[in-house]
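Welcome! Take a look at the structure below, and then we can talk through a few of the terms used to describe it.

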Amino acid sequence: MHSTSPPPASDGPVVHRAQESVDPPGENPAGLMNRPSIRGAAWVAACLVLGTLAATRLPATEGDAFFREQVEPLLARHCYPCHSHDAGKMKSGLTLDSRRGWATGGDRGPAIVPSDVDGSRLIRAVRHTDPELRMPKERLSDAEVAILEDWVRRGAPDPRAPLRERKEEVGWALQPLVAPRIPAGTPHPIDAFLQEKLTQQGLAPAATADRRTLIRRLSYDLTGLPPTPEEADAFAADPDPHTYDRLVDRLLASPRHGEHWARHWLDAVHYADTHGNDHDYARPNAWPYRDYVIQAFNEDLPYPRFVQQQIAGDVLFPDDPRAVTALGFLAAGPWDETLMVGVREDTVDHRMAQVLDRDDMVTTVMSTFQSQTVHCARCHNHKFDPISQRDYYALQAVFAGVDRADRPFDDDPATYQRRRDLLARRKAIERRSPELLASLTTPEVLDQVARAEEREARRNELWSALDVVSVTSASGADTAFVRQADGSWLVSGARPERDTFIITARTSERDVRALRLEALPDPSLPGGGPGRYDPAGNFHLTEFRASAQPSTGEGIAAQRIEFSRATATHGDGGDVVANAIDGRPDTYWSIHPRYGEPHEAVFEFKDPIDHPGGTTFVLRLEHEGKPAHQLGRFRLSCGTGRLPPHDRPPLPSETRALLRTPPSQRSPADTQQIALNLLRTEVDEALRALPAPRQVYAVTQDFPAQGSFKPASTPRPIHLLIRGDVNRPGEAVGPAALDCLPDLSGTLDLRGGSVEEESVRRAALARWLTDPRNMLTWRSIVNRVWYWHFGRGLSDTPNDFGLMGSPPTHPELLDWLAVWFRDDARGSLKALHRLIVTSEAYRRSSDSSAEVLEADPENRLLARSHRRRLSAEQLRDSLLQASGRLDLTLGGPAVVQFIAHGKATFMPDGGAPPLMDYENFPPAARENQRRAVYRFQFRTVPDPLLDALGAPDGGSLTPVRSVSTTAVQAFALLNNPFVIHECGCIADRAGDVRQAFRLLLLREPSPRELERLTIYSQRHGLANTVQLLINSNEFMHLE
Amino acid sequence: MNPPMPSMIARRGFLGRLSTGLGGIALAMLGSPARTDPAPPQFRPRAKRIIQLFMNGGASQCDLFDYKPALIARHGQRFDPGNGQRVEASISTPGAVMRSPFEWAQHGQCGRWVSSALPHLARHVDDMAFLMAMQSSSNVHGPAAYLQTTGFLLPGFPCAGAWVSYALGSLSDDVPAFVVLPDARGLPYNGRSAFTSGFLPANHQGTVVHGGSPRPITHLEPPPDATHITPASRCEGLDLLRELNAEHANAHPGDSQLTARLQSYELAARLQLAAPGLLDVDSESPTTRRAYGLDQPQTADFGRRCLLARRMAERGVRFIQVWSGHGGAAGNWDNHTDIPTELGAAARSMDQPAAALLADLKQRGLLEDTLLVWTTEFGRMPFSQGSTGRDHNGGTFVSWLAGAGIRPGTAHGQSDEWSWKTASGATTTYDFHATLLHLLGLDHEQVTFRHSGIDRRLTDVHGQVIREVLS
């Protein structure tokens, strides 16, 4: 498979990399210069560098000769069988067939330290003196050991060419992409390439399929749905030779096209609506990505843009809100909630989970867009393809700044723009960006600080104290409430487990808009208060309720006050004051850990309260959560229409604390911090004022921390992991792409951005992937599309174009298509579909002569069409279409087609296993009428009908579906409640055997078929007859 | 993956070429993959079939089999393994050393220690071989359960039963090769992906049988409200379907796919006929039913499923997996809160039925060629979580094997003085799976399937057969 000698210089696309090249300059002849023009420049550069290197290099030494004559034969005989690319083995991750192999070493570290005989593991191993390390099993002779020792002592001269420079190392997919000449004789390019091979084999292709077969094949292929019998009749009868082309155009223009082809794509990227793994929580915002794919295909988004948006749509298409939803691609796969959130951050399990989370992103990107098995290089250099472990971790570094989480986006471009600006400002605030800090010393800002100061000083004047009539404890405990001089109330005496304070208070103010609750410290309270919890002084206000009635209005019922929002000086983590108006007793407001400070909460009303004779409030301060967490000292006041809305919320505690220092004693840093805090409050207010954004489950750097799952403000450092072990970090690795493409360096062009910005990394990779010189991208997609049309690929391994993958049956055709798609079709997938389905090869009959069957049983030469079984979704959607029940609503949230025991998360008791009952879900339910692509796809508990028919579960990338035939499928088509229900509906709609037959098989039954089916129908009913038909091979297959 | 590529077929090596003949396809189409040309094993198989009892949640080795006087002596003291070793618990702060609330005694000729939580199994220790130092590289249910079922920490890989089905098929045409019996209360962690065929052909997926349910196998029967479907409508319908399909196949010669579908209906019919016999525990004698604990509420579910496992073993199922406990926070072996009550209850539901199964297999001579294994995804910590619970511990745990090819009354490996980590004879899941395949006559390095650029195996790139416990 590989040669150990340098390749002939005139042969093939060998890329010499300056930093690695150790070849004598004599091997760089002028003949290399006659290459495609793009590469010419690179070659000049390489030659120049080589020239420079050559000047400092020694000629072939005695050491090299010693190696070739004495050492290499020993290594080849005794070591290569387990440690070489030729053998396909690298036990313990070690290869000995190149200098890099032994210098990098395997799991145990470098195998050889030049000149250090005793310090070289290879020597220790061959000496057989270390019981832990004896290689090979049969000890070498003393003379042989001595040769190796001698070699290491001389500094281990090793003239072997680096592996990457060997031609054989570079498989077909990494050869430069050049459009081959189209063979003459056939008008359609695809047919021309195919015909060439058929002619060589002396095989005659099958005839074109009949019209009914064609329309059925094409409709299912382009839209996932069959034609109606009427459409089939009309098409069969249309004499116009261009009717086929018109049909192609019509089907490609149908919204059903995007739905069907999105399903292919979602398979490939292992999309589902749950996280997977042990808890398998729902992922309710995954679907906007699914809709993105459908829309992209329907609108024929050019492929390069489709790729770029899925990697870095947020960065490269900042003005397109939809580009954010494309990022669902990177998050489509499973995510281990327990490991990422629940397990402690400092554990090996959690750290490994982060590595594997990025591994999924790298694998998804490189399998989907490059058809490369880069993931094979996580633990060691790729065994077969020129991908190093370093390449792999460099790709991990691209995604080192993002995590999977819900990411907000706005459909409305203006809102989107505004939010984006505000979020950028908030990020700058959080990062204390130097530019921002510098901007905070302007007079305007200082003036703002002064105004805030003044407002804060006058704050108590703006609020009008309530006249408290009574305070009682609802628990009936012997709790004392004592009014203080400042109008606050101090609580003492009994402190029951749980309690609600009921306060009656009056005000003479008109137009009341808000209530203010101050929680005040007091030396008599534990920890100085303001709560009574011992020892910290905490309180948990589970709910704040208020009702109001006119003070004058005897007999008028009190009216419950509805709040529009609640704000406070501080809320602990998720325990914000909004929890006190959410109606839930299990959430609360807490000021932890800011004890001993004054706090306040402001509750604003939905509607103002205005009673000419004054208002009487009844307030309930509920402490019904954790035991003994009650307020210790509080004061109440109200705000009116005179208080402008933006002045109602209190300043955050940090800002207030800073403002307590008199301006004269404040440091510039303090002033800056105050300004920063004010700015943050302002930005937060502005963000809150925007309409609520929608959410898409995607990758993001900005999400609320939860348990061990925390956003990275800058990309996490990535190290090469020896043997893939998180406990054995090697060198630090920065972001880069693959380094094995002939015309495109793996170095990412950051376009001047900082490598510390994660978005810069993704954007650079997105551009690298879509670079016209990246031949993998174009080869990959045309092969993928070909596979989905024919049920077989030109290469049968769409995710693996490496040496272990399946080489293309028609490499010239693949390359021609790739270049045509990139240059002529400009990445239009619809153009590619049209090109493929208008070929003769696509339109052939699936039947052929015995001669063809014998000569090419696998149909690799495409003398006929592949017969294909309907996919799970095609079957399901067809039944609905035939029954007339198909609901063609486009897009929207995933449709739940099972009975979910439990809440929206499908997690009863917050911890029991997901219980999804598919069997008892009413088959007639409206939810069942949507196309299968919209179903809620549960990773670990798949729909038994679709599962039986081979729909993937989203556990792993599925570029190609398994289409094995099983008894389980027979059971599903015979006994599934939905199938049975639809058969009944189809029977009702059809009315008789002949109509049912036409509806499903799009043709007239033969007299004999009709006779037998009619007899059966008379005995057992039309529903049973319909079910018989949908079980038939004719219905279940596309000819 | 389909269609199989020539290179893949070659890679199956000893399994021989996939039969492309019609008969071969019919039989390879699972649910029920009996092979007409059974794969010539590389060496003499000791076991024809495997019954796996899987304790879902992480059964506590230091409360069941791994007796440690140090835990009793230092109960309540701070846990300090010495040498400055870091103590890491997955979801909690490490607590104090905790002795088992159960009593310990030695049992059998071999003198194996078993706690009072398992009085029935304790009587059979002379038939078992213990792996006393199992290790898991994960301390978290999802990945650890995947590791134990599929050999990989991530989803998407085929489980052991699917590999066995792929390599050997079923012993009979009338039953599936791989059957799973989940807890009546729900599926284990990772749901159905615990029984998945992953990237192997779908026909190697585990057939799920809900033991006590009125509809034990999905799609085996039409729903009860489909009254228009009668035995006669089915029978005549399938006859007519066969005719129509045969005519269609004749009109399109040379496509084995079409013939395969024809035969899949016949296979389905055979499975349907065989199912009642497979599932009928009522025909068992009252003595047997009592022995398995079918008469007591706490043991009835697991007992019924153990009894079903024996019936399936008799009828040719190759790999039978019986789960104890379901996913989620309770009702399994994941005893974070209270070892005495939670583990006690889990042990009581499993102990008598498992012991009865072992005795029954032995008495019927089935143990000669049946391998019975008892496994879990990881163990538990020797120190407390909260007051009387224990957190996850992948450092060391216990599994045992009995039956075909096993040297009875033995043990391999030891944990440290705490039962915290392994001390000697550490056994990985890879070793464990390699041993299972070995006993079936398969070399774990040779059972491979090409997927996404790699020749995948159950044991990844690891695995040593544990010869110490083989007879």
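Q: Among contacts in chain A between residues at least 6 apart in sequence, what share joins residues at least 24 apart?
A: That share is 72%, where a contact means heavy atoms within 4.5 Å. Do keep in mind that this is a predicted model, in which local features need pLDDT of at least 70, side-chain atom pairs count only at pLDDT 80 or more, and totals for chains, interfaces and linings use all residues. Residues are numbered from 1 along each chain as its sequence is written, chains are lettered from A and ligands numbered from 1 in the order in which they are written, and side-chain values use heavy atoms, with hydrogens and water left out.

Q: Why is C985(A) called buried?
A: Buried means under 20% relative accessible area, exposed over 50%, and partly exposed in between (1.4 Å probe, protein chains only). C985(A) has a value of 16%, so it counts as buried.

Q: What makes C235(B) partly exposed?
A: Its relative accessibility is 46%, so C235(B) falls in the middle class. In chain A, buried residues make up 60% of the 1039 residues.

Q: Why does C985(A) form no disulfide with C983(A)?
A: A disulfide is a pair of cysteine sulfur atoms within 2.5 Å. The closest cysteine sulfur to that of C985(A) is in C983(A), 9.2 Å away, so the two are too far apart for a bond.

Q: Why is C235(B) not bonded to C983(A)?
A: The sulfur of C983(A) is the closest cysteine sulfur to that of C235(B), but it lies 19 Å away, which is too far for a bond. Over all chains, the structure holds zero disulfides.
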